[in-house]
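Work through the exercises below with the sequence and the model open. Try each task before reading its solution.

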Amino acid sequence: MKNLLRGLLAGLAIGYLTAPRSGKKTREQLSDKINGYKGQFNDARDKVVGFVDEVKDQTGLGTPGGVTGKVESKIDQYKDKAAETKEDVKDSYNYKVENVADKAKSGIDTAEQTLKV
């Protein structure tokens with residue numbers, strides 16, 4: 001598509017430059033055409049921007065209570081849940097380590113008492 005557009009523009013430019021008109025008239029005509037295309041482009045861009053804004057308004061995208069806000073809220077919920085789970089796992093790990101340490105100490109104490117007798 002780009003190559004087609006480039007070829008078309010190159011052909012138009014060559015046609016304008018080789019046409020039997022004065023340079024001043026050719027430049028004026030080129031300038032008018034370019035300004036016309038700029039206007040058409042700006043109109044099309046404005047329509048697209050208006051359409052995107054309309055879609056955002058209808059769907060609630062980009063608003064705090066809209067889809068984006070809901071997604072951010074869910075992400076925050078998952079972050080909170082992950083933090084809670086991390087704390088639970090940490091507490092469980094520490095409990096088990098302390099329990100194993102207590103059992104090991106008890107076993108060592110029992111062994112020492114047995115050997116002293």
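**Exercise 1. Count the helices and strands of the protein, then give the pattern along the sequence.**

Solution. Step one: apply the DSSP rule, where helices are runs of H or I with at least four residues, strands are runs of E with at least two, and numbering starts at the N terminus. Step two: count; the protein has three helices and zero strands. Step three: read along the sequence; the pattern is α-α-α.

The model is predicted: local features need pLDDT of at least 70, side-chain atom pairs count only at pLDDT 80 or more, and totals for chains, interfaces and linings use all residues. Residues are numbered from 1 along each chain as its sequence is written, and side-chain values use heavy atoms, leaving out hydrogens and water.

**Exercise 2. State the confidence of the model, overall and by element.**

Solution. Step one: recall that pLDDT is the predictor's confidence in each residue, from 0 to 100. Step two: take the protein as a whole; the average is 81, and 84% of the residues score at least 70. Step three: go by element; α1 has the lowest mean pLDDT (74), and α3 has the highest (86). A caution applies: where pLDDT is low, the predicted coordinates should not be read in detail.

**Exercise 3. Find what share of the protein is buried and how much area it exposes.**

Solution. Step one: set the classes; buried means under 20% relative accessible area, exposed over 50%, and partly exposed in between (1.4 Å probe, protein chains only). Step two: of 117 residues, 5% are buried. Step three: the protein exposes about 10500 Å², by the Shrake-Rupley method with a 1.4 Å probe, where for residues only the protein chains shown count as cover. Carbon and sulfur atoms supply 60% of that area.

**Exercise 4. Identify the residues of the nonpolar surface patch and place them on helices.**

Solution. Step one: patch members have over 30% relative accessible area and no salt bridge; nonpolar side chains (Val, Leu, Ile, Met, Phe, Trp, Tyr) are joined within 5 Å, like charges within 9 Å. Step two: the patch holds L5, L8, L9, L12 and Y37, with about 490 Å² of accessible area together. Step three: helix α1 (residues 2-18) gives the largest share, four residues. Y37 lies in helix α2 (residues 23-59). Y37 counts as partly exposed because its relative accessible area is 46%.

**Exercise 5. Locate the salt bridges and classify their residues.**

Solution. Step one: the criterion is a side-chain nitrogen of Lys or Arg within 4 Å of a carboxyl oxygen of Asp or Glu. Step two: the whole structure holds two salt bridges. Step three: D46 pairs with R45 at 3.5 Å, N to O. D46 is partly exposed at 44%, and R45 is partly exposed at 42%. Step four: D109 pairs with K105, the closest N and O atoms being 3.7 Å apart. Both lie in helix α3, four residues apart, about one turn of the helix. D109 is partly exposed at 31%, whereas K105 is exposed at 52%.
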